[in-house]
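User: I've got a model open and I'd like to learn how to read it. Could you walk me through a few features?

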Amino acid sequence: MAKGSEGEEKENMAAWLVAINTLKIQPFKLPSLGPHDVKIRMKAVGICGSDVHFLKTMQLASYIVKEPMVIGHECAGVIEEVGSEVKHLVAGDRVAIEPGISCWRCEPCKNGRYNLCPEMKFFATPPVHGSLANQIVHPADLCFKLPDNVSLEEGAMCEPLSVAIHSCRRAVVGSETNVLIMGAGPIGLVTMLAARAFGSPRIAIADIDDHRLSAAKDLGADEVVRVSKYMEDVDEEVAKIHKAMGHRVDITIDCAGLSKTMTTAMNATRPGGKVCLVGMGHNELTVPLTSAAQREVDIVGVFRYKNTWPLSIEFLRTGKIDVKPLITHRFGFSQPEVEEAFETSARGGKAIKVMFNLDSRQ
């Protein structure tokens, strides 16, 4: 625990989701430190769309919040204590944190696809508590030391960047693939940065929001395409996309996950191309599968990530990816600031990534 002004131990506090649209900063008792664990003082925690969705509805897809839960999973901090068997980290190390603990015994885990582990314990996915807290305890092998030139905020951004990297790997983005991205929210924008880092020579991004498209252009999109919410506009929008992309879309990465965006993605992608579904906007989609099958458009899914933190950190260390412009709003860790931060993220508008700075001490 943190020391108070007179040396007493301060109680560990966390942001608890207790009801729809209700977050409360309350005490959070940590588990004991195991031999392979570390205790981390949290420094930077970002708000994800899934966090907002849980706040607004108390559920996401099949995950339902049935009892109070600590929110947050995009995070970085400073090691305060290490377990007896931890050799690669010491107190004072700055680390980015991978938030999912898999079982390592099931078939997906044994085959290296641990992100598909049915027993996955993932921060802020009920019933597992998250990381928007003063301190957490976590397995040391899921904590990755940050280079001196990578900030703690950038370390927290390794989580959304990991989604983007896993998406680019699943879609096989490379130097000969033109990429279309559906959705210019935080994941769409960071996926655009990752696709460029993977070598894509031409990237377009489509969205309904002019401000997001302007941000995408500023971040390096070759083309931006304004689209609508309406299914009847798909054919016209596909024509606009083809014109912008020189009639060649090799890969489309859908970061929205709506029937409309997937229909546009499948119709815009060239015969023999690939569509990668990342977003989970709708639980069920109605899409033109027969048409896609006739053109042999491959459709691949993405669920979280695997083995991505080392590459995320390397991209940040070398400057090949700069996530700093995505962080548009910053808040401290108090009850009013937590409420305002989530309201800011939920409103969207000019907010891309909302970040908490929990503790100024290094």
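User: Let's start with His247: does it count as buried or exposed?

Analyst: Bear in mind that this is a predicted model. Anything over 50% relative accessibility is called exposed, so His247, at 62%, counts as exposed. His247 sits in the loop between helix 7 (234–244) and strand 16 (251–254). Its phi is positive, about 60 degrees, although His247 is not a glycine.

User: Where is Met58, and what is its phi?

Analyst: Look in the loop between helix 1 (49–57) and strand 4 (59–60). Phi of Met58 is near 65 degrees, again a positive value in a non-glycine residue. The cut-off for buried is under 20%, so Met58, with 13% relative accessibility, counts as buried.

User: How do I read a sheet, and which strands are at the edges here?

Analyst: Go by strand order. There's an open sheet of three strands, ordered 2-1-6 and paired antiparallel. Strand 2 (22–27) and strand 6 (69–70) are the edges: each has a single partner strand, so one side of each lacks a neighbour in the sheet. Strand 1 (residues 13–19) is joined to strand 6 by two bridges, and Trp16 stands opposite Val70 in strand 6. Helix 11 (residues 335–347) packs on this sheet, touching strand 1 and strand 2, and its direction makes about 145 degrees with that of strand 2.

User: Which peptide bond is cis?

Analyst: Check omega: the bond from Pro126 to Pro127 is cis, with omega near 10 degrees. Pro127 lies in the loop between strand 10 (121–122) and strand 11 (135–139).

User: What about confidence?

Analyst: Average pLDDT is 95, and 97% of the residues score at least 70. Over residues 1–7, though, pLDDT stays under 50.

Notes: Residues numbered from 1 in each chain as written. Predicted model: local features only at pLDDT ≥ 70, side-chain atom pairs only at ≥ 80, totals over all residues. Heavy atoms only, no water. pLDDT = per-residue confidence, 0-100. Contact = heavy atoms within 4.5 Å. Pairing = 2+ DSSP bridges. Helix = DSSP H or I, 4+ residues; strand = E, 2+ residues; numbered from the N terminus. Axes fitted to C-alpha atoms, helices over the stretch in contact; angles between N-to-C directions. Buried < 20%, exposed > 50% of the residue type's maximum accessible area, 1.4 Å probe, protein only.
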